[in-house]
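New to this one? Take a moment with the sequence and the model, then use the briefing below as a guide.

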Amino acid sequence: MPLVKALAAQLVACLLAALAIKTGVVPLRPIWQAALAQGMLACGIAAALRSERWWLPIHLGFVPALALAQRLDLHPLWYLAAFVLTALVFWSSYRTRVPLYLSNRRTADAIAELLASRGPGRMLDIGSGTGGFLSILATRLPEWRFTGIESSPLPYLMSRWRSRAGANAIFLRGDFFAADWHEFDVVYAFLSPVPMARVWSKACAEMPPDGVLVSNSFEIPGVRPYRRIAVADRRGTELLLYRPSSGKRRTGR
Ligand SMILES: C[S@@+](CC[C@H](N)C(=O)[O-])C[C@H]1O[C@@H](n2cnc3c(N)ncnc32)[C@H](O)[C@@H]1O
C-alpha cells in the first residue's frame, strides 16, 4: 500500500506538471522550475493520501534530483550500477518494510552481558544484516552458538565472509519467518515497527518456555516488556525484553 501511494503520487504529479507545461502555466525551460513544480505536486498528493511524513521530502526531491543528475552527464552504466547495488542491499525491503541499519558496539556489549548472565545457549538474530553484530558476540561468548538469518544477498555474503573463521556463528540466507525458532533461547530483533506483531506471534508459538525475545528499539503492540535496558550510546538505544511464554499463557497455546 505505501508503494502504491508513492507511485500514484509521482505519476499524478508528472501528469499535472506536464499539463501545466502544455498550458504555459509553468515554463519547460529552465527545467528546474518544472521539476520543482512536479516535486511540490507529488508532495501535496502524498500528504493528501496520508503517506507517512518521511515520504514527503522524498517526493519533493525525487524529480528535482533526477533533473540535477541529468546535468552531471554521467554514463548510464553508473545508474545501472547504483541500481544493482541498492537492489542487492535492500532486496526485499519494499515488502518487509525493514531497511538495513546496524546495531552498534555498545548494544553488542549490553547483549553480551545479558547472555553471559544466562549461561551457555543459542541465539538467533532475525535479519542479521552484514553479520557484524553477531560476529562480535560470537568472539566474546565462545560458549554460545549464534545463528543469523538474512534475506538480502549482499549483506548475507558479507556475513558469510565474516564468519569464515569462527566456529560458533552461522549465517543463513532466507526469510526468518520460514525458519524454526524452537531451539533458540534468545531471539534478537532489530527491525521496524511493521513486523513486530508477527514476530511476537511466532515467538509465542515456537520459543522454549524460558526463551527471551529482545527487540532493539521497536515495541510489540499491546505487549509490555518485562525489562528495559537503556544502552549508553548516542542514539539512546533501548532494548526491550519480552517473555514469549507469557503470550502463550494468555492465548492458551
Ligand atoms: C535493521 S537490520 C539489522 C541488522 C542486524 N541484526 C544488526 O542488528 O546489526 C534488519 C535486517 O533484517 C533483514 N530482514 C527484514 N525482514 C527479513 C525477513 N523476513 N527475513 C530475513 N531478513 C529480513 C533486512 O534485510 C535487514 O538487513
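## A first look around D233

Leaving out residues up to four places away in sequence, D233 touches N104, R106 and T107. The C-alpha atoms of D233 and R106 are 6.4 Å apart, even though their positions lie 127 residues apart along the chain. D233 itself sits in the loop between β6 (227-230) and β7, and it counts as partly exposed, with 14 C-beta neighbours inside 10 Å. Keep in mind that this is a predicted model.

**Overall layout**

- The protein is split into domain 1, covering 2-73, and domain 2, covering 105-251.
- Taken over C-alpha atoms, the centres of domain 1 and domain 2 are 40 Å from each other.

**Around the ligand**

- There are 21 residues around the ligand, and the ones that come nearest are V98, S103, G127, G129 and S151.
- Sorted by class, that shell holds eleven nonpolar, seven polar and three charged residues.

**The nonpolar cores**

- In soluble globular proteins, nonpolar side chains tend to be buried together.
- Here, the largest nonpolar core has 38 residues, and M123, V186, V187, Y188, A203 and L213 touch the most other members.
- Plenty of elements chip in to this core: α6 (105-118), β1 (122-126), α7 (132-140), β2 (145-150), β4 (186-189), α9, β5 (212-216) and β7 (238-242) each supply at least two residues.
- Apart from this core lies another one, made of 13 residues, including A6, A13, A34 and A46.
- Which residues does Y188 touch, not counting those up to four places away in sequence? They are I111, M123, D125 and V214.

**Helix α9**

- Helix α9 spans residues 196-206, and its buried residues are M196, V199, W200, A203 and C204.
- Looking down the axis of α9, these buried residues fall within an arc of 130 degrees, so they line one face of the helix.
- A197 and R198 are on the other side of α9, where they are exposed.
- A203 turns up twice in this briefing: it is buried in α9, and it is among the residues of the largest nonpolar core that touch the most other members.

**Helix α8 and P153**

- In helix α8, which runs over residues 153-162, the buried residues are P155, Y156 and S159.
- Why do they sit on the same side of α8? They cover an arc of only 100 degrees around the axis, which puts them there.
- The cover over the buried residues of α8 includes α4 (76-90), β2 and β3 (169-173).
- P153 is also found in helix α8, but it is partly exposed, with 13 other C-beta atoms within 10 Å.
- Not counting residues up to four places away in sequence, P153 touches L88 and W91.
- P153 and S92 are 61 residues apart in sequence, and their C-alpha atoms are 9.9 Å apart in space.

**Helix α1 and A9**

- A9 has its place in helix α1 (residues 2-22).
- Is A9 buried or exposed? With 25 C-beta neighbours inside 10 Å, A9 counts as buried.
- If you set aside neighbours within four places in sequence, the contacts of A9 are A42, I45, A46, L49, S51 and H59.
- One of those contacts is S51, which is 42 residues away from A9 along the chain, with 9.6 Å between the two C-alpha atoms.
- Another contact of A9 is A46, a member of the 13-residue core.

**Backbone oddities**

- Most residues other than glycine have a negative phi, and most peptide bonds are trans.
- The peptide bond from R29 to P30 is cis, with omega near 0 degrees, and P30 is in the loop between α1 and α2 (31-48).
- W91 is not a glycine, yet it has a positive phi of about 20 degrees.
- You'll find W91 in the loop between α4 and α5 (93-96), where it is partly exposed, with 18 other C-beta atoms within 10 Å.
- R97 is not a glycine either, and its phi is positive at about 60 degrees.
- R97 belongs to the loop between α5 and α6, and it is partly exposed, with 14 other C-beta atoms within 10 Å.

Definitions and conventions: Residues numbered from 1 in each chain as written. Predicted model: local features only at pLDDT ≥ 70, side-chain atom pairs only at ≥ 80, totals over all residues. Near = placed C-beta within 6 Å. Nonpolar A, V, L, I, M, F, W, Y, C, P; charged D, E, K, R; others polar. Buried ≥ 20, exposed ≤ 12 C-beta atoms within 10 Å, placed from the backbone. Helix = DSSP H or I, 4+ residues; strand = E, 2+ residues; numbered from the N terminus. Arc of directions from axis to C-beta. Domains from an automatic or database assignment. Core = buried A, V, L, I, M, F, W, Y, C linked by C-beta atoms within 7 Å. Contact = placed C-beta atoms within 7 Å.
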